[in-house]
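Let's take a walk through a protein together, one stop at a time. Have a look at the sequence and the fold first, and then read on.

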Amino acid sequence: MLNPNKSPKRCANISRIGKNKTMKPQQPLLQTQRLQMRAFTPSDAFALVGIANDRAIADTTISVPHPYTLDYAQTWITQCNQEWEEGQSAPFALELKDEKKVIGMNALRHIDREHAQAELACWVSKNWWGQGFATEAGEAMIRFGFETLNLNRIYAFYMARNPASGKVLTRIGLKQEGILRQRVRKWGIFEDVVALAILKEDWENNSQ
Ligand SMILES: CC(C)(COP(=O)(O)OP(=O)(O)OC[C@H]1O[C@@H](n2cnc3c(N)ncnc32)[C@H](O)[C@@H]1OP(=O)(O)O)[C@@H](O)C(=O)NCCC(=O)NCCS
């Protein structure tokens with residue numbers, strides 16, 4: 001869920017990822033028990049600020065700035081939609097079905113068509129932590145990545161001091177591959193990062 005590197009633009013259109021599958025240009029809706037996962041729209045900017053301008057979100061992520069401004073949110077949403085269209089990432093707003101309220105985001109980013117892999121990233125509003133939402137959204141994203149994007153490998157990173165993230169990622173099937181010592185610098189301190197991944201064959205075997 002962390003990636004300290006700005007990835008080069010190395011992906012072709014998502015529409016060319018699938019085996020004989022063509023993806024509609026419009027981002028699909030993913031339904032889980034409690035969530036509707038959908039594309040971000042400009043009107044989500046205020047909600048994003050309300051969630052992500054919490055130091056607790058920035059504290060264990062690299063790509064989330066602090067403070068998180070409205071200007072940043074608007075630019076980020078534009079970038080999300082552009083990256084979807086260009087096949088570089090699949091960012092989803094996590095919206096509560098009942099309340100129609102956005103409580104976080106989940107994304108497959110740095111989509112790499114040549115090697116059929118992408119990075120899973122997620123954050124959830126602190127008000128909703130510990131209720132299984134990251135797990136629920138993560139399971140849907142893994143399915144989407146393997147079934148729709150036809151990925152072979154989904155990887156993620158988290159700071160070693162962030163056990164909640166580790167729990168979510170292992171619960172949805174990722175396996176630890178190593179520790180990247182002092183891989184990132186957060187608030188001026190070098191931090192160890194845990195690397196994990198799930199292969200399509202792991203997921204298929206576990207799904208049976
Ligand atoms: C990591 C994050 C996405 C988890 O979201 P969430 O919706 O609370 O996750 P879930 O409820 O599905 O699961 C979290 C699990 O971690 C557990 N957990 C929380 N804090 C923990 C801790 N300090 N030690 C061990 N487990 C912990 C919870 O109890 C829960 O497990 P349980 O369901 O067995 O009780 C959320 O905390 C977050 O957005 N953090 C800030 C941003 C971030 O770190 N994103 C990930 C970047 S790698």
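Find F40 in the loop between strand 2 (35-38) and helix 1. This is a predicted model, so the positions you see come from a prediction. Is F40 buried or exposed? Count the C-beta neighbours inside 10 Å and you get 24. A residue needs 20 or more to be called buried, so F40 counts as buried. Leaving aside residues up to four places away in sequence, F40 touches I77, C80, N81, P91 and A93. Take I77 from that list: F40 and I77 are 37 residues apart along the chain, but 6.2 Å separates their C-alpha atoms.

I77 leads us to our next stop, as it is one of the residues of helix 3 that make contact with helix 1. In general, two packed helices are described by the angle between their axes and the distance between the axes. For helix 1 (residues 45-52) and helix 3 (residues 70-85), the angle is about 120 degrees and the axes are 9 Å apart. What do we call such an arrangement of helix 1 and helix 3? Angles of 65 to 115 degrees count as roughly perpendicular and those over 145 as roughly antiparallel; the angle here is about 120 degrees, and helix 1 and helix 3 are therefore oblique to each other. The crossing in which helix 1 passes helix 3 is right-handed. Which residues make the contact? Helix 1 brings A45, F46, L48 and V49, while helix 3 brings L70, A73, Q74 and I77. Sorted by character, the residues of this contact are 7 nonpolar and 1 polar, with no charged ones.

Just before helix 3 there is a stop worth making in the loop that leads from helix 2 (55-59) to helix 3, where P67 has its place. Most residues other than glycine have a negative phi, and most peptide bonds are trans. Against that background, look at the bond from H66 to P67: this peptide bond is cis, with omega near 0 degrees.

Two other loops show the other kind of exception. A116 sits in the loop between strand 4 (102-112) and strand 5 (117-124), and its phi is positive, near 50 degrees, although A116 is not a glycine. N150, in the loop between helix 4 and strand 6, also has a positive phi without being a glycine, in this case near 55 degrees. How is A116 placed with respect to its surroundings? A116 has 17 other C-beta atoms within 10 Å and is partly exposed. N150 counts as partly exposed, with 17 C-beta neighbours inside 10 Å.

From these loops, step into strand 5, where you will find L120. With 25 other C-beta atoms within 10 Å, L120 is buried. Now compare sequence with space: L120 and I154 are 34 residues apart in sequence, and their C-alpha atoms are 6.6 Å apart.

Our next stop is helix 5 (residues 163-171), where S165, V168 and L169 are buried. Why can we say that these residues line one face of the helix? Looking down the axis of helix 5, you see its buried residues fall within an arc of 95 degrees, so they line one face. Among the elements that cover these buried residues are helix 4 (133-148), strand 6 (153-159) and strand 8 (189-199). Pick out V168, a member of helix 5: it has 25 C-beta neighbours inside 10 Å and so counts as buried. Beyond the residues up to four places away in sequence, V168 touches A134, T135 and G138. V168 and T135 are 33 residues apart along the chain, with 5.4 Å between their C-alpha atoms. After helix 5 comes G173, with a positive phi near 110 degrees.

Finally, step back to take in the whole chain. How many helices and strands does the protein have? There are 6 helices and 8 strands, and from the N terminus on they run β-β-α-α-α-β-β-β-α-β-α-β-β-α. Of the 208 residues, 37% count as buried; F40 is one of the buried residues. Among contacts with a separation of 6 or more, 63% are between residues 24 or more positions apart. The pair F40 and I77, 37 residues apart along the chain, shows you such a separation.

Note on methods
Residues are numbered from 1 along each chain as its sequence is written. This is a predicted model: local features need pLDDT of at least 70, side-chain atom pairs count only at pLDDT 80 or more; totals for chains, interfaces and linings use all residues. Axes are lines fitted to C-alpha atoms, for helices over the stretch in contact, and angles run from 0 to 180 degrees between N-to-C directions. Helices (H or I, at least four residues) and strands (E, at least two) are DSSP runs, numbered from the N terminus. Angles under 35 degrees count as roughly parallel, over 145 as roughly antiparallel, 65 to 115 as roughly perpendicular and the rest as oblique. A crossing is left-handed if the near helix is turned anticlockwise from the far one by less than a right angle, and right-handed if clockwise. Two residues are in contact if their C-beta atoms, placed from the backbone, lie within 7 Å. Ala, Val, Leu, Ile, Met, Phe, Trp, Tyr, Cys and Pro count as nonpolar, Asp, Glu, Lys and Arg as charged, and the others, Gly among them, as polar. A residue is buried if 20 or more other C-beta atoms lie within 10 Å of its own, exposed if 12 or fewer, and partly exposed in between; C-beta atoms are placed from the backbone. The arc is that of the directions from the helix axis to the C-beta atoms.
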